[in-house]
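Okay, thanks for coming, everyone. Let me put the chain up on the screen and walk you through it.

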Amino acid sequence: MFCDICSSILLEIVAVSQSVERNSLDLRFQNYRLRNKTAEARLLASIAERDITQPLCGVDTPQGRLLLDGFKRYRCAEKLGIECVPYVSLGAEETQGIAALVRPTESKTLCILEQARFVVELLTTHGLSVAEVAELLSRSKAWVSLRRDLLAEMSPAVQETLFRGQFSVYSY
């Protein structure tokens with residue numbers, strides 16, 4: 001039964017995905033996601049063999065398409081010269097798109113540092129309070145505060161090293 005549910009959700013996403021020009025995507029959040037050279041190399045081989053099977057996700061703001069998920073797929077498409085990529089919109093509001101990405105689900109792959117970067121984005125750029133972010137993400141205020149404080153404890157140089165994949169997060 002669980003597989004049937006997953007299949008129907010995947011069919012819905014594929015049904016609403018569209019093909020967009022890769023260069024039409026705004027990449028401002030790419031440094032919010034951890035890089036993993038090994039995973040990206042495996043993905044590159046997979047895409048070269050089977051094309052991009054999972055759409056990139058973002059929000060359609062008045063300024064354009066803002067990519068939130070799929071940066072590895074984006075870079076692989078760029079390396080392979082793929083100009084049009086599958087894309088699905090999570091809505092028109094940046095805060096709602098970030099919330100959809102960070103909210104807990106069984107299939108999410110965001111690590112605590114990635115969650116922290118998006119939480120700080122909601123708190124600072126979007127001016128939400130800890131309580132508002134907690135409600136938006138269906139989490140506790142303590143969960144939000146922990147992630148906010150985690151990045152505050154790291155220097156920008158350490159954050160950059162970790163997010164570039166130059167040093168293991170777990171080792172840190």
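So, one term before we look at the sheet: two strands pair if DSSP finds at least two bridges between them. Helices (H or I, at least four residues) and strands (E, at least two) are DSSP runs, numbered from the N terminus.

A word on what you're looking at: this is a predicted model, where local features need pLDDT of at least 70, side-chain atom pairs count only at pLDDT 80 or more, and totals for chains, interfaces and linings use all residues. Residues are numbered from 1 along each chain as its sequence is written, and side-chain values use heavy atoms, with hydrogens and water left out.

Right, the sheet. It's open, has five strands with mixed pairing, and the order is β1-β5-β3-β4-β2. β1 (18-21) and β2 (25-26) are at the edges with a single partner strand each, so one side of each has no neighbour in the sheet. Who partners β2? That's β4, residues 64-69, in the parallel sense over two bridges. There, Leu25 sits opposite Arg65 in β4.

Now the helices. The chain has eight of them alongside the five strands, and along the sequence you read α-β-β-α-β-β-α-β-α-α-α-α-α. One of them, α4 (residues 94-102), lies across β3 (56-61) and β4, at about 20° to β4; that angle is between N-to-C directions, on a scale from 0 to 180 degrees, with axes fitted to C-alpha atoms, for helices over the stretch in contact (heavy atoms within 4.5 Å).

Last bit: of the 172 residues, 37% are buried, meaning under 20% relative accessible area with a 1.4 Å probe, protein chains only.

How values were computed:
Buried means under 20% relative accessible area, exposed over 50%, partly exposed in between (1.4 Å probe, protein chains only).
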